[in-house]
Amino acid sequence: MKIAIVGAGIVGSTAAYYLSKEKGVEVTVFDHGLGQATKAAAGIISPWFSKRRNKAWYRMARLGADFYQDLVSDLEKDGYDTSFYDKSGVALLKKDDSKLDALYQHAETRLEESPIIGELSIKNAEDLPEFIGFDHYLYASGGARVEGAELTATLIEASGFEKVGGPVTLSPLDNGTYEINAQTFDKVILACGAWLGQTLEPLGFEVDVRPQKGQLRDYFFEGLDTGKLPVLMPEGELDVIPFAGGKISVGASHENDQGFDLTVDETVLASLEEEAKTYFPDLSTANSFSERVGTRAYTSDFSPFFGEVSELESVFVASGLGSSGLTTGPLIGKNLVDLAMNRPGSLDSADYPVAQYIKKKD
């Protein structure tokens with residue numbers, strides 16, 4: 001069986017990795033290498049505090065956080081370094097400290113089904129002396145941070161499959177197979193994020209997927225033990241994400257009006273930096289910094305979807321993950337593999353209906 005994967009971000013790279021464990025499957029991964037959302041993601045795995053009413057989304061996010069334990073274990077068994085994933089813990093802030101109690105109680109109700117949350121407690125600011133600007137914070141020891149670019153590179157390397165650069169053109173053939181760039185495939189997984197419309201619209205589809213620009217800045221320090229610090233999550237867009245090795249990331253922005261623009265906007269990053277300094281003034285002492293810019297995919301109702309395109313048999317898609325892509329992406333990638341191999345997965349794709357976002361034009 002020949003399977004094409006279009007997109008080597010978090011969904012496509014996970015699909016490639018798990019397809020490599022299937023017998024009798026030959027896979028080619030296509031990736032244009034531009035604007036990948038994974039490379040510009042903050043990389044925080046901590047879905048349990050969300051108050052979104054979309055139960056299907058929360059189930060996906062909760063199981064996505066759980067699935068990291070399997071993914072990391074599988075890669076370690078295959079002999080790969082998994083330091084890209086670290087349970088650093090998360091510290092959540094509220095402008096009104098009294099709201100921390102309600103958030104604590106909300107998360108506590110989810111402990112039974114998500115024991116991965118770990119220790120859950122409201123702590124005094126003195127317990128976290130590296131940061132300032134608040135009196136109390138809600139701590140969850142099971143929160144994690146992920147280096148998305150390192151994770152996807154590891155998954156592609158572990159898959160052992162060929163990766164082909166450049167744009168793709170998908171063409172259905174009369175015999176039920178598909179042609180991509182002069183190669184023929186039995187099945188296709190479209191994990192191209194915000195570019196899904198550019199792939200399917202030439203075939204007569206309307207696709208409800210829009211681009212969202214995300215920017216963040218990585219700061220590098222010498223002699224600063226950042227590896228032991230939790231992720232700081234104030235209200236709003238800003239997150240302060242310490243990584244091992246003297247690196248702290250600040251971001252990421254959520255810009256819905258910039259299309260596929262990948263230029264660095266100093267104004268946006270400067271605003272995030274100034275806000276971050278109110279919690280971590282030592283940011284100004286960084287030896288150097290660099291920027292990351294990527295394009296997320298989101299839908300009109302901000303809900304993700306995945307499954308088979310009903311009008312294109314054996315074409316499986318996923319998109320609309322938004323800023324929760326690193327949390328949900330690996331689980332979705334694994335479920336796409338299960339669908340392609342005709343077996344049930346841990347998620348029911350009917351709860352994330354493709355037909356709601358991909359429709360044949362009249």
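**View 1. Two domains, each assembled from separate stretches of the chain.** In this predicted model, the protein is divided into domain 1, made of 2–39, 149–209 and 301–360, and domain 2, made of 87–143 and 214–295. Taken over C-alpha atoms, the centres of domain 1 and domain 2 are 30 Å apart. Nine residues from domain 1 and six residues from domain 2 form the contact. The size of an interface is often given as the accessible area lost when the parts come together. Here, domain 1 and domain 2 bury about 610 Å² between them, and 59% of that area is on carbon and sulfur atoms.

**View 2. Helix 2 meets helix 7.** Here helix 2 (residues 55–77) packs against helix 7 (residues 325–340), with an angle of about 75° and axes 7 Å apart. Angles of 65 to 115 degrees count as roughly perpendicular, so helix 2 is described as roughly perpendicular to helix 7. On the helix 2 side, the contact is made by M60, A61, L63, G64, A65, F67, Y68 and L71, while helix 7 brings L326, T327, T328, P330, L331, I332 and K334. Sorted by character, the residues of this contact comprise eleven nonpolar, three polar and one charged.

**View 3. L347, in the loop after helix 7.** Look for L347 in the loop between helix 7 and strand 22 (358–360). Is L347 buried or exposed? Its relative accessibility is 6%, and buried means under 20%, so L347 counts as buried. Beyond its neighbours within four places in sequence, L347 is in contact with R59, M60, L63, F306, L331, N335 and Y352. One of these partners, R59, is 288 residues away from L347 along the chain, yet the C-alpha atoms of the two are separated by 8.5 Å.

**View 4. Helix 1, enclosed along its length.** How many of the ten residues of helix 1 (residues 10–19) are buried? Ten of the ten are, so helix 1 is largely enclosed by the rest of the structure. To pick them out on screen, select I10, V11, G12, S13, T14, A15, A16, Y17, Y18 and L19.

**View 5. T295 and its neighbours in space.** T295 belongs to strand 19. With a relative accessibility of 2%, T295 counts as buried. Setting aside neighbours within four places in sequence, the residues in contact with T295 are G35, Q36, A37, A194, W195, P211, Q212, G259, F260 and L262.

**View 6. A cis peptide bond at A252.** If you check backbone torsions, pause at the peptide bond from G251 to A252, which is cis with omega near -5°. A252 sits in the loop between strand 18 (247–251) and helix 6 (266–277).

**View 7. Positive phi at N181 and F302.** Which phi value does N181 have? N181 is not a glycine, but its phi is positive, at about 50°. N181 is placed in the loop between strand 11 (178–180) and strand 12 (183–185). Its relative accessible area of 34% makes N181 partly exposed. F302, another residue other than glycine, has a positive phi near 60°. The loop holding F302 runs between strand 19 (288–298) and strand 20 (305–308). F302 counts as partly exposed, at 46% relative accessibility.

Technical notes:
Residues numbered from 1 in each chain as written. Predicted model: local features only at pLDDT ≥ 70, side-chain atom pairs only at ≥ 80, totals over all residues. Heavy atoms only, no water. Axes fitted to C-alpha atoms, helices over the stretch in contact; angles between N-to-C directions. Helix = DSSP H or I, 4+ residues; strand = E, 2+ residues; numbered from the N terminus. Parallel < 35°, antiparallel > 145°, perpendicular 65-115°, else oblique. Contact = heavy atoms within 4.5 Å. Nonpolar A, V, L, I, M, F, W, Y, C, P; charged D, E, K, R; others polar. Buried < 20%, exposed > 50% of the residue type's maximum accessible area, 1.4 Å probe, protein only. Domains from an automatic or database assignment. Buried area = accessible area lost by both parts, 1.4 Å probe.
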